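Open the model in your viewer, show it as a cartoon, and keep the selection panel at hand. The tour goes from one selection to the next and says what is found at each stop.

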Amino acid sequence: MTAPVLTLAGVGRAYEPGHWIFRHLDLRVEAGERVALLGPSGSGKSTLLNLVAGLDRADEGTVAVAGQALGTLDESARALVRRQSIGFVFQAFHLVAHLVLWQNVAIPLLLQGVSAEIARDRAEAVLDSLGLGGRSRSLPTTLSGGEQQRVALARALVHEPALILADEPTGNLDPETAAVALALIDRQTRTRNAALVLVTHSTQAAAIADRRLRLTPSALVDAAAGATGT
Ligand code: ADP
Ligand code: MG
């Protein structure tokens, strides 16, 4: 049996000793499974995604991605897991302003040592699949918010990661554009059998997930029965 794509066991984070943002979090996400993570502003959703991405360290418990416990790895080994197994979509897009679209999308491949030529071909193919085929030589500043989010999604998908992390990816989009972006995240993760952890305030966004969980200070709880996001 293959390992889950993501496992949390007893995970806690305190930015200051004794002041826990959350503790005792347990979670298993299998290949192809999509989880929505709900919770009010300040509850620690972004903190949790950063732990999963290996950008921050848990103060207790274990975070494992693709069978590798991140806490046992040094920085370069953690970076390797991140580059190979994770695609990250941010609310604020975080595109590099002076790079054209294909260059932005190719970054994960270039970090893996893929040649520039192959990286460009793959980046352009993913941009094409997201309806931006004609724009690969444009700069991000010439795009609408919805288009920029599609580029950010292309960058998160181009290296075919097993796990997509999306932190309020529709938070900066109008409702119509958000619906289009969500449909693309839905279809792309489904097609690739990627696991998805989607942080969102929006019930519309949470609807694409198989499971909806609420982050509380002491557990991840099933959100289906409780109130929806703020
Ligand atoms: P959410 O994404 O759910 O809004 P965050 O993970 O951003 O929540 O923040 C959770 C809590 O941790 C907040 O109280 C925030 O102020 C605090 N926090 C976040 N990042 C840091 C940091 N780097 N150093 C200290 N405190 C932080
Ligand atoms: Mg956040």
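**Stop 1: helix α2**

Select residues 75-85, which form helix α2, and show the side chains of Arg78, Ala79, Val81 and Ser85: these are the buried residues of the helix. They lie on the same side of α2, because the arc they cover around the axis is only 160°. This is a predicted model, and what follows should be read as such.

Now add the strands that the buried residues of α2 pack against: β4 (60-65), β5 (68-69), β6 (86-90) and β7 (163-167).

**Stop 2: the open sheet**

Keep β4 and β5 on screen and bring in β1 and β2; the four strands form an open sheet in the order β2-β1-β4-β5, with antiparallel pairing. Its edge strands are β2 (19-29) and β5, each of which pairs on one side only.

Start at the β5 edge. Two bridges hold the antiparallel pair of β4 and β5. Select Ala64, and then Ala69 in β5, which stands opposite.

Move across to the other edge. β1 and β2 are antiparallel and share seven bridges. Label Arg13 and find its bridge partner in β2, Phe22. Then follow the chain to the hairpin of β1 and β2, where two residues lie between the strands and Gly18 has a positive phi near 85°.

**Stop 3: strand β8**

Select residues 195-199. How many of the five residues of this strand, β8, are buried? Five of the five are, so β8 is largely enclosed by the rest of the structure. Turn on the side chains: Ala195, Val197 and Val199 point one way, Leu196 and Leu198 point the other way, and all are buried.

Next, show the neighbours of β8. With β3, the strand pairs in the parallel sense over four bridges; here Leu37 stands opposite Val199 of β8. With β7, which also runs parallel to β8, there are five bridges. Ile164 has Leu196 in β8 as its bridge partner.

**Stop 4: a loop residue after β3**

Go to the loop between β3 and α1 and select Ser41. Is Ser41 buried or exposed? Ser41 counts as exposed because its relative accessible area is 69%, and the cut-off for exposed is over 50%. Add His201 and draw a distance between the two C-alpha atoms: Ser41 and His201 are 8.6 Å apart in space, although 160 residues separate them in sequence.

**Stop 5: the cavity**

Searching the whole structure for cavities of 30 Å³ or more gives one. The volume of this largest cavity is about 60 Å³. To see its lining, select Leu6, Leu8, Leu27, Val35, Leu37, Leu48, Leu49, Val52, Leu165, Val197, Leu213 and Leu220. Two or more lining residues come from each of β1 (6-16), β3 (34-38) and α1 (45-52). The largest share, three residues, belongs to α1.

Colour the selection by residue class: the lining has 12 nonpolar residues, no polar and no charged. Two residues from the β8 stop turn up again here, Leu37 and Val197.

**Stop 6: helix α3**

Select residues 101-111, the range of α3. Its buried residues are Leu101, Trp102, Asn104, Val105, Ala106, Pro108 and Leu109. Add α4 (116-129) and α5, which are included in what covers these buried residues. Just after α3, check the backbone of Gly113, where phi is positive at about 90°.

**Stop 7: the largest pocket**

Leave α3 on screen and show the pocket surface. The largest pocket has a volume of about 380 Å³. Which residues lie nearest the centre of the largest pocket? They are Arg82, Ile86, Phe88, Pro108 and Leu111, from a lining of 16 residues.

Colour the lining by element. At least two residues come from each of α2, β6, α3 and α5 (145-157), and β6 gives the most, with four. Then colour by class: 10 lining residues are nonpolar, three polar and three charged. Helix α2, where the tour began, is thus back in view as one of the elements that line the pocket.

Conventions
Residues are numbered from 1 along each chain as its sequence is written. Chains are lettered from A and ligands numbered from 1 in the order in which they are written. This is a predicted model: local features need pLDDT of at least 70, side-chain atom pairs count only at pLDDT 80 or more; totals for chains, interfaces and linings use all residues. Side-chain values use heavy atoms; hydrogens and water are left out. Buried means under 20% relative accessible area, exposed over 50%, partly exposed in between (1.4 Å probe, protein chains only). The arc is that of the directions from the helix axis to the C-beta atoms. Contact means heavy atoms within 4.5 Å. On a 1 Å grid over the protein atoms alone, a cavity is a set of points where a 1.4 Å probe fits but cannot get out, and a pocket is an open set with protein on both sides within 12 Å along at least five of seven lines; lining residues have an atom within 4 Å of a point. Grid points are joined across faces, edges and corners, and a volume is the space filled by probe spheres set on the points. Ala, Val, Leu, Ile, Met, Phe, Trp, Tyr, Cys and Pro count as nonpolar, Asp, Glu, Lys and Arg as charged, and the others, Gly among them, as polar. Two strands pair if DSSP finds at least two bridges between them.
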